[in-house]
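Trainee: Please take a close look at one part of this model with me. I'd like to see how its pieces fit together.

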Amino acid sequence: MKGHLVTVDPGYRDAGMAWFVDGKLRGAAYVEDSAPPRPTVEQWAWTAGLIWSHAQRWVDGNGPYQAFVEHMQVYPGDPVPPADLLKVQSVTAAAAVLLRTLPRMFEVTTEVPAKWKGQVPKKIHHQRVWASLEPEEGELLDSVLLAVHKDKVHNVMDAVAMGLWCCKRKLKSG
């Protein structure tokens, strides 16, 4: 994949993000709204704004600029209440709109997790992600994850996994 790719695993008040240039991982982050919770619509906009501003800081030079933002799907028997998934889906929509704006207009794609990772359990999938990274990519991700709370690491790992999928990098067994 040529150009810049930013991938986003959104939450209601946070997001895991990854940045690829010409198919190589060049950055990863966990972004979070540290202010007290806001009214619902304001929170969607605020979280989307965090995603947009971080993406704009990463990319420079010539495009193309692409973004991949996970969107939610309600699965039968899912322990997450559908209302919570709809809140996150609203962040996805707001982020997609913002990423299409200046100064760098991203081409935005969204997809459900089943499409980009299938039904592989998260622990196994993340082991495969680690096994698939180049040594310098692994070092970069390791340094980023040192500053991320252990309960939020999965957000960043999912963003990296989405990027590998978008770049058509086949995951290795972990």
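Mentor: Let's follow strand β2, then a glutamate that touches the region after it. First, the small print: this is a predicted model, where local features need pLDDT of at least 70, side-chain atom pairs count only at pLDDT 80 or more, and totals for chains, interfaces and linings use all residues. Residues are numbered from 1 along each chain as its sequence is written, and side-chain values use heavy atoms, leaving out hydrogens and water.

Strand β2 covers residues 14–21, and 7 of its 8 residues are buried (under 20% relative accessible area; exposed is over 50%, partly exposed in between, with a 1.4 Å probe and protein chains only). Strands (E, at least two residues) and helices (H or I, at least four) are DSSP runs, numbered from the N terminus.

On one side, β2 pairs with β1 (residues 4–10), antiparallel over 7 bridges; pairing takes at least two DSSP bridges. L5 sits opposite F20 in β2, and a hairpin links β1 to β2 through 3 residues. β2 also pairs antiparallel with β3 (residues 24–32), over 8 bridges. There, V21 is bridged to K24. The β2–β3 hairpin has 2 residues in between, and D22 in that turn has a positive phi of about 50 degrees.

Now meet E137, from helix α5 (residues 135–145). Leaving out residues up to four places away in sequence, E137 touches G23, K24, L25 and R169 (heavy atoms within 4.5 Å). The E137 side chain also reaches the backbone nitrogen of L25 at 2.7 Å; a polar contact is a pair of N or O atoms within 3.5 Å, and within protein one must be able to donate a hydrogen and the other to accept it, while residues adjacent in sequence count only if both atoms are side-chain atoms. E137 is buried too, at 1% relative accessible area.
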